[in-house]
Amino acid sequence: MTTLIEDRLNEIQLYLKNEDINRAGQRLLDITYDFDFDRSLRDSAIQLRKTYNEGKQLGRVKNENESLLKDYTSLLNTVVQNKPALNKKLSERKILAKINNISKQFTSSLHNFHFKPISLELKQGNIIGLVGENGNGKTTLLRMICGDLATDEGEIEYYFDGNAYTDWQFIKKKIAFIPQRLERWYGNANDKISFEAAIKGYKKELNEEKVNFIVHRMGLTNFRELTWTQLSSGYKLRFEIAMALVWEPSILILDEPLANLDIQAQELLLQDLRNLADSLRNPVSIILSSQQLHEVETVADQVVFLKNGSAVFNGNLHDFIKMETGVTIELNGNFSYNDLQKLLQNWDEIKIEQSASCFTISFSEKHTKEEFLELLIGNKFSITYFRNISGSTKKLFSDKY
Amino acid sequence: MNFALKISPPFLRKLDAYLRINHSWIWTTRIHLHIYIALLLSVLFASLGLVYHISINDVPSVNDQNTFFGLLFIPATVFLIYMIYQMALFNTDKSAAYRFRYQEFSILLIYLFTFFLPLLIPYPASLILNGRISNLVSDNELQRDQNSFNEALIFLPVSNASFYYYYPSDSAYLDTRQSKTFRNEYYDAEEAVNTDDTTISTRRQWALLADSIYHHKGVFKNTRPKLYYRNTRIWSKNSLYGYNTYMTNDLTESTAESNLRDSLFLLYLDKINIVRDPNEASKHISQICELLYKYTHFEGGVLDQKTILNDFLKHSYSESYCNNYPFLYNKIYTSTDNITNIYRAKLRDDINAWDKNVLFVLFIFIFCITTIFQIYKNVHWKQVLLGAAILAILFTLICIIEVVSNFDGKFISFAGAFLSLLFLLTTIKGFFIKKFSWVLNQMAVILAFCLPYFPLIILAYLDQHHHIFTISYFDKYLEPFKSHDGTISWSYNKEYRELVTLIWISTFWGGILSYVFIWNSYMKTLFLRFWNLPKTK
């Protein structure tokens, strides 16, 4: 049986084999910090990561990539050689917050909204994805968890360092909340991160090292001298996360972090979040809200689906798949709603919904997705998009739920 | 602050980085950059003070200097606004976790200093300009010129009522007491426009003296001298130049010395006005011509000193030489203005002579700004505005009740003390609540406005309602006072009044210091708690 460090090293070796320098660099940097390698190794990892990031901006040629690959391989070997001193084990994931039946009611002459009771547990290293349509209470829940909004009923218990805390001043230092609309900051990004690190207590050389680690780790090397107005929305968010990470929060809360990111940036961010949660040094509990269901589901350990202020689903995806017996398919092609209805009229519990981009078809477990696909092909339906969302909470958007 | 850093020398950038990393609580105040910009502006302004055109013929007046100072205040005010903006931008206290608490005392002092900076910026320019004016003429030379000018001005017969008034020789005499007397109809016509008390009193005196014009004796007996009315504006202590000491006083002499010298000088003028010694007159006319050449742009040619002398000796002012030179009147004014302006510049050179009350008012102004900024730093800006509005409404209501009910000032002190105490005690609840309360938060904002003056409010209450300054302890300061009708009453002596003033001043400063040392940190802790509590909406 391999140890944790060996797992990580294997993971990096695999990245290097696939010439994925980015991932390899990130994970190697993580490993040097997670396992408390000595300063020279950490510096080397930072330096290589810096070289990689800088090269990305300039447009790296193949030879340079090969050289970087060699350097990384060499560094990895050094890390492997030092392995015996790094026999760190994954400790038990502790509960950081217990949310017990919290609810909230907003009353006004124009609009009433009742966020119904919900219970959750935030654990170290866990990612909770909060999904649901707009106006269903995602932000309300996040604000209550981070202590920005008081609950009407129920309570939230916070446990940090094994102790229960009720002092909001302390609790808020342990929680990083990144709202959808980011608050503007001034000066350049590097100075801002360095300032945050200084307030946290990182002075002198430690400050520089911390800032370098965060900046290079988050792929911000080439943007560190930029100001708020010069940064794109995606990089503003990354810097915001970087600033939050300097504080080494126990709980990281992100409200719609994927909203302004392209597909690649979304994947990169989600992967970073996963790595943060898996960190050994500071395994953060992450809770994020998003509309990007598929992307969130890939990294989340637990999904909470909110509808009209109540959680219609609250658990992990495996439970959801087990719970849901029917089949739900997203489909599009050169056919109409009527064509589908005619074709499937004899199927049990058939339900066809049409949205702007596709049809969502649900049917009972008596039929399989393969059977459905064969039927379409047999009737010469030209398919341009097909996705089985039976195991995804996306089906909860359907009116059926 | 990119702009400030861009124009900063390398050492300042290093300092900025050093402070950011090692003393971030100082870094957020931006004091290092503000001092730098203030220095830059001071140097720039000082150079303006250096290039400002001045000459002995064209000396900027005090008003000119004040205008110059005022104009420099515009960029200084812009700088103040810029500083406040920067301090607000880099204020970390609005973020829940990024707050400093223990450095609050030092931060308050830094803010006080910071807000002083823009007000100090125009001073170097003003001082330099003033110094340049002051150094146009040495002290001794100016004194000499002043004296020469005063002594000689009487010999320059400008027939303008503003300077001299000529009384026809057959209308003016000297009585036995050497007082001037005039015919009734004369002063009636000339003085009718003046209705102030002095004139009325003078009229009465002159009316009485009018009857005695034929009774003159003494040194001028049987000579019927021609007398000239000296317009007091030229040399009087109440001259239009505004300075009591102008023209006759030495820069360093005491008031008693100057009074004595003034009286001797008056006698001297009386004498030379009546005893018309051609040699004396010639010497003085020569003196004043030189002074006019020196202190004005004299482009009207050379003054004909002989004609002036003849005019003086003949008393022919209505047809005098000077009438042919209308510019002379302006030249005299210009030269007296220039001498006055140099004299004033010399007085302003002495910083010890500056009005200390100005500094006090300045401090209070700065302290108020600092207090407001300290509050703003800890709460939402809307809450600061709301707090100020509530405070204004409360104060207005209290004043209305006071005036309508005629409480003789007692209600204001009572309401002030009561509300301050009420807010102070109520806001303690803030340490125990679980949810944010905007009422308590708003009370805390108002309390923070009032706390520096809290001891003063309490003292006012004790004075108004409990007459604390008339308790038996102060009886030792009572002294008997005998009135005109012989009755004896007791009143507090000067020492008592000084003591009471001292108590008020000490209480005021005690309030300021208690805010700096105690309340500021207390309010910070309270605001920190409020800020971190979950809100209801």
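Axes are lines fitted to C-alpha atoms, for helices over the stretch in contact, and angles run from 0 to 180 degrees between N-to-C directions. In these terms, helix 2 of chain B and helix 4 of chain B of this predicted model pack with their axes 10 Å apart, at an angle of about 160°. Because angles over 145 degrees count as roughly antiparallel, helix 2 of chain B and helix 4 of chain B are roughly antiparallel to each other. The residues that meet are B:Leu12, B:Leu15, B:Asp16 and B:Leu19 on the side of helix 2 of chain B, and B:His32, B:Leu33 and B:Tyr36 on the side of helix 4 of chain B. By class, this contact of helix 2 of chain B with helix 4 of chain B is made up of five nonpolar residues, one polar residue and one charged residue.

Helix 4 of chain B, which spans residues 31-51, also packs against helix 6 of chain B, residues 104-120, with axes that come within 10 Å and cross at roughly 20°. That angle makes helix 4 of chain B roughly parallel to helix 6 of chain B, and the crossing of the two helices is left-handed. Helix 4 of chain B contributes B:Ile31, B:His34, B:Ile35 and B:Ala38 to the contact, while helix 6 of chain B contributes B:Ile110, B:Thr114 and B:Leu117. Five nonpolar and two polar residues, with no charged residue, form the contact of helix 4 of chain B with helix 6 of chain B.

A further pair in chain B consists of helix 5 (residues 62-89) and helix 7 (residues 122-134), whose axes come within 9 Å and cross at roughly 160°. Helix 5 of chain B is thereby roughly antiparallel to helix 7 of chain B, and helix 5 of chain B passes helix 7 of chain B in a right-handed crossing. From helix 5 of chain B, the residues B:Gln65, B:Phe68, B:Phe69, B:Leu72, B:Phe73 and B:Ala76 meet B:Pro122, B:Ala125, B:Ser126, B:Leu129 and B:Asn130 of helix 7 of chain B. The contact of helix 5 of chain B with helix 7 of chain B comprises eight nonpolar and three polar residues, and no charged residues.

At the level of domains, the assignment for chain B gives domain 1 (1-136), domain 2 (139-350) and domain 3 (379-537). The contact between domain 1 of chain B and domain 2 of chain B takes 11 residues from the former and 13 residues from the latter. On the side of domain 1 of chain B that touches domain 2 of chain B, the largest share, four residues, comes from helix 7 of chain B. That side of domain 1 of chain B has six nonpolar and five polar residues, and no charged residues.

For chain A, the assignment gives domain 1 (4-86), domain 2 (95-320) and domain 3 (324-397). The centres of domain 1 of chain A and domain 2 of chain A, taken over C-alpha atoms, are separated by 27 Å, and 11 residues of domain 1 of chain A are in contact with 11 residues of domain 2 of chain A. Helix 2 (21-34) and helix 3 (39-58) of chain A each supply at least two residues of the side of domain 1 of chain A that touches domain 2 of chain A, and helix 3 of chain A gives the most to that side, with six residues. The residues on this side of domain 1 of chain A divide into three nonpolar, three polar and five charged.

Between the chains, 21 residues of chain B are in contact with 20 residues of chain A. Helix 2 (10-22), helix 3 (24-27) and helix 20 (494-532) of chain B each supply at least two residues of the side of chain B that touches chain A. By class, that side of chain B holds 11 nonpolar, six polar and four charged residues. For the complex, the predictor gives an ipTM of 0.78 and a pTM of 0.74.

Confidence was also examined by chain. Chain A averages a pLDDT of 83, with 92% of the residues scoring at least 70, whereas chain B averages a pLDDT of 76, with 72% of the residues scoring at least 70. Among the elements of chain B, the lowest mean pLDDT, 36, belongs to strand 1 (residues 164-166) and the highest, 93, to helix 18 (residues 438-450). The pLDDT is below 50 over residues 159-200 of chain B, a stretch that has 74 contacts in the model beyond near neighbours in sequence.

How values were computed
Residues are numbered from 1 along each chain as its sequence is written. Chains are lettered from A and ligands numbered from 1 in the order in which they are written. This is a predicted model: local features need pLDDT of at least 70, side-chain atom pairs count only at pLDDT 80 or more; totals for chains, interfaces and linings use all residues. Domain bounds come from an automatic or database domain assignment. Two residues are in contact if their C-beta atoms, placed from the backbone, lie within 7 Å. Ala, Val, Leu, Ile, Met, Phe, Trp, Tyr, Cys and Pro count as nonpolar, Asp, Glu, Lys and Arg as charged, and the others, Gly among them, as polar. Angles under 35 degrees count as roughly parallel, over 145 as roughly antiparallel, 65 to 115 as roughly perpendicular and the rest as oblique. A crossing is left-handed if the near helix is turned anticlockwise from the far one by less than a right angle, and right-handed if clockwise. pLDDT is the predictor's confidence in each residue, from 0 to 100.
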